[in-house]
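I sat down with this structure to see how its parts fit together. My notes follow the order in which I looked things up.

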Amino acid sequence: MTAEQTVQTYFDALAAGDANKLMGLMSTAEHYVKIGTDKDEIVYGGTDAPAYYQHHVASTQDFTIQIDHLDVQERDDLAYFVALQTWQLKWQGTFEILNMRLTGVLEKENSNWKFVQIHASLGAEE
């Protein structure tokens with residue numbers, strides 16, 4: 001897969017609630033980091049990513065992702081992306097519509113693109 005296909009697979013797996021697919025896309029490197037939108041939502045080290053994604057999938061229902069903008073740039077064994085999205089989901093029992101902004105970095109590991117950094121933030125209403 002290309003880096004762009006890997007990023008799209010990540011979004012598809014999020015919406016589908018496929019924790020196994022999500023975990024397969026994450027690097028197990030110590031420099032892996034995932035920063036989410038909640039105050040304490042941060043994962044350091046790829047070996048902790050499976051527990052994070054299992055919790056995320058277990059807490060989410062009726063999840064759709066509308067991609068408003070996606071740009072993926074690939075350079076040799078490094079790629080980065082920016083995505084602007086609208087998420088509609090039931091999170092821990094509460095329906096939400098979220099204006100998400102995501103950035104991330106992928107590295108090639110054994111000819112496969114793996115996420116080493118993902119950062120998410122919420123667009124605030126003015």
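These entries go from one helix to the core, then to the pocket and two residues of a strand.

**Entry 1: helix H1.** I kept in mind that this is a predicted model. I began with H1, which runs over residues 3–16. What span should its 14 residues have at 1.5 Å a residue? The expected value is 20 Å, and I found the end C-alpha atoms 20 Å apart, so the two agree. Next I looked up which H1 residues are buried. They are Ala3, Thr6, Val7, Thr9, Tyr10, Phe11, Ala13 and Leu14. I noted a rule beside this list: an α-helix has 3.6 residues a turn, so residues three or four places apart point the same way. After H1 comes glycine 17, and its phi is positive, near 70 degrees.

**Entry 2: the core.** I then turned to the largest nonpolar core, which has 32 residues. Which of them touch the most other members? I wrote down Tyr10, Met26, Tyr53, Phe81, Leu102 and Phe115. At least two residues each come from H1, H2, H3, S3, S4, S5 and S6. H1 gives the most, with six residues. I followed Tyr10 further. Setting aside neighbours within four places in sequence, tyrosine 10 is in contact with Leu22, Leu25, Met26, Lys34, Tyr53, Phe115 and Ile118.

**Entry 3: the largest pocket.** How much space lies in the largest pocket? I read about 350 Å³. Its lining has 21 residues, and closest to the centre are Thr37, Asp38, Glu41, His56 and Trp91. H1, H3, S4, S5 and S6 each supply at least two residues of the lining. I sorted the lining by type: 12 nonpolar, five polar and four charged.

**Entry 4: two residues of S3.** Aspartate 62 lies in strand S3, and phenylalanine 63 is found there too. Is each one buried or exposed? Phenylalanine 63 has 9% relative accessibility, so it counts as buried. Aspartate 62 has 57%, so it counts as exposed.

I checked their contacts, leaving out residues up to four places away in sequence. Phenylalanine 63 touches Leu14, Ala15, His56, Trp87, Gln88 and Leu89. Aspartate 62 touches Gln88, Leu89 and Lys90.

Last, I took two C-alpha distances. Aspartate 62 and alanine 16 are 46 residues apart in sequence and 8.8 Å apart in space. Phenylalanine 63 and tryptophan 113 are 50 residues apart in sequence and 25 Å apart in space.

Methods
Residues are numbered from 1 along each chain as its sequence is written. This is a predicted model: local features need pLDDT of at least 70, side-chain atom pairs count only at pLDDT 80 or more; totals for chains, interfaces and linings use all residues. Side-chain values use heavy atoms; hydrogens and water are left out. Helices (H or I, at least four residues) and strands (E, at least two) are DSSP runs, numbered from the N terminus. The expected span of a helix is 1.5 Å times one less than its number of residues. Buried means under 20% relative accessible area, exposed over 50%, partly exposed in between (1.4 Å probe, protein chains only). On a 1 Å grid over the protein atoms alone, a cavity is a set of points where a 1.4 Å probe fits but cannot get out, and a pocket is an open set with protein on both sides within 12 Å along at least five of seven lines; lining residues have an atom within 4 Å of a point. Grid points are joined across faces, edges and corners, and a volume is the space filled by probe spheres set on the points. Ala, Val, Leu, Ile, Met, Phe, Trp, Tyr, Cys and Pro count as nonpolar, Asp, Glu, Lys and Arg as charged, and the others, Gly among them, as polar. A nonpolar core is a set of buried Ala, Val, Leu, Ile, Met, Phe, Trp, Tyr and Cys residues joined through side-chain atoms within 4.5 Å. Contact means heavy atoms within 4.5 Å.
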